[in-house]
Amino acid sequence: MQHGIREDRGNPSTTATMHAGIPLLSYGFRPFFLGAALWAILAMVLWIGSLAGLWQLAPGYGALAWHAHEMLFGYASAVVAGFLLTAVPNWTGRLPVAGSRLALLFSLWCLARIAFLATGATGPLPAIVIDSLFLPCLLLAMAREIVAGRNWRNLKPLALVGLLAAANIGFHAEVLITGAPDVSMRVAVAALIGLITVIGGRITPSFTHSWLLRMRSPHLPAPFGLIDKFALIASGVALVLWIVAPAMPATGLLFLAAAAAQAARLWRWHGVHAWREPIVLILHLGYAFVPLGFLLGAMSILLPGSLAGTAALHAWTVGAIGLMTLGVMTRATRGHTGRDLTASNWTMAIYGAMTAAALLRIATGAFPQGYMAMLDAAGTAWIAAFAMFLLEYAPMLLGPRAERT
């Protein structure tokens, strides 16, 4: 069964085709992971500077809306694109989207980021139009490959990408109409958490199984079963209810059920036995923020005043999305560029910095006196994680594959 990004070991029938041109445009993970990391740093620097009053962000659109949008639809969408453009050839057996087609997709994503920085001169509408095109174009490109490869089961993740694309358009509409993209932001977060539970729920036990089997461990991840199905259904229903009724007690109760089910699902993958290999363990740690987000969300609904309402949101956005995306970016880059699938000291430092960023951001609401200091520390840790990623992984993403002898 194909679970997602399979480590490319250099199939002779495709390697020459993929690497005949510019390495950066040979596979989707290369430009999009590089762009995502660069933008994660720049967007956070711009946001921290805006909070400090050093400059104004996205006039006519709003700094807070811009920050939320660029984390969800700028950074996260780039990683989703890099993942899917790399995973779909594994799913279908077809050649990857590469060369000029890949360059056009990546250029569209870059142009949207630039357009949002120019709203003071152009107004928000040009940026909105350009940005609204990227995810539908990605969706069409992926759907074409999956349909041509007759790989029907993997149309399911694309439904969540379609939901993300709709949320992006809704986000812009809410900003223009009300100035507060509340509903669409929840839809976007729900779609990204849905992708983590579906795709992360495939690759995490799969990669863990491979590593534990190689280590001859008797503790192997349990196969997909009733607990997994219940976790997916409970989480899906809870997220839908959260979108339409975020403060209703029933939402809190469903969040509790989803938290318990997701925690049980994670425990069955035996990640604790993979502690010696951080490149495997990080996927479990990132996934752990999914049930934590449900638990914190339930507490904020059922016990008002016990936690800041943003704790659950940041458990998902900085914790689950931040750690899972970095886990996938490091592993896929190493595997598809011919490096060993093991975490270097730099990679472990990347994981540590992002974990610190997540915990600090979640904790800010519990310490109102130190709110700004903790917020700055969380942002600094986020920047450090991606700066270290670029130092180690940019040469891999830009250079040719390290062919093994």
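Helices here are DSSP runs of H or I with at least four residues, numbered from the N terminus, and they are taken from a predicted model.

**Exercise 1.** Determine where His270 lies, what sign its phi has, and whether the residue is buried, partly exposed or exposed.

*Solution.* Begin with the location: His270 lies in the loop between helix 10 (249-267) and helix 11. Next, consider the backbone, where phi of His270 is near 55°, a positive value in a residue other than glycine. As background, most residues other than glycine have a negative phi. Finally, the relative accessible area of His270 is 23%, and since buried means under 20% and exposed means over 50%, His270 is classed as partly exposed.

**Exercise 2.** Carry out the analysis for Ala58, stating its loop, its phi and its accessibility class.

*Solution.* Ala58 is located in the loop between helix 2 (29-51) and helix 3, and its phi, near 45°, is a positive value in a residue other than glycine. The relative accessibility of Ala58 is 5%, and Ala58 therefore counts as buried.

**Exercise 3.** Check whether the end-to-end distance of helix 3 agrees or disagrees with its number of residues, and then describe the course and surroundings of this helix.

*Solution.* Helix 3 (residues 63-92) has 30 residues, which at 1.5 Å a residue should span 44 Å, and the 41 Å between its end C-alpha atoms agrees with that expectation. Along its course, helix 3 bends by about 35° at Glu70. As to its surroundings, 28 of the 30 residues of helix 3 are buried, leaving the helix mostly covered. Leu72 belongs to helix 3 and is itself buried, with a relative accessible area of 5%. After the helix comes Gly93, with a positive phi near 80°.

**Exercise 4.** Apply the length check to helix 8, and locate its bend.

*Solution.* For the 33 residues of helix 8 (residues 182-214), the expected span is 48 Å, and the end C-alpha atoms are 46 Å apart, which agrees. The bend, of about 40°, is at Gly200. Because 25 of its 33 residues are buried, helix 8 is largely enclosed by the rest of the structure. Just after helix 8, Arg216 has a positive phi of about 60°.

**Exercise 5.** Describe how helix 11 and helix 12 are arranged with respect to each other.

*Solution.* The axes of helix 11 (residues 278-302) and helix 12 (residues 310-336) come within 8 Å and cross at roughly 165°. Angles over 145 degrees count as roughly antiparallel, so helix 11 is roughly antiparallel to helix 12. The crossing of helix 11 past helix 12 is left-handed, and the residues of their contact divide into 18 nonpolar, 6 polar and 2 charged.

Note on methods
Residues are numbered from 1 along each chain as its sequence is written. This is a predicted model: local features need pLDDT of at least 70, side-chain atom pairs count only at pLDDT 80 or more; totals for chains, interfaces and linings use all residues. Side-chain values use heavy atoms; hydrogens and water are left out. Helices (H or I, at least four residues) and strands (E, at least two) are DSSP runs, numbered from the N terminus. The expected span of a helix is 1.5 Å times one less than its number of residues. The bend at a residue is the angle between axes fitted to the seven residues ending there and the seven starting there. Buried means under 20% relative accessible area, exposed over 50%, partly exposed in between (1.4 Å probe, protein chains only). Axes are lines fitted to C-alpha atoms, for helices over the stretch in contact, and angles run from 0 to 180 degrees between N-to-C directions. Angles under 35 degrees count as roughly parallel, over 145 as roughly antiparallel, 65 to 115 as roughly perpendicular and the rest as oblique. A crossing is left-handed if the near helix is turned anticlockwise from the far one by less than a right angle, and right-handed if clockwise. Ala, Val, Leu, Ile, Met, Phe, Trp, Tyr, Cys and Pro count as nonpolar, Asp, Glu, Lys and Arg as charged, and the others, Gly among them, as polar.
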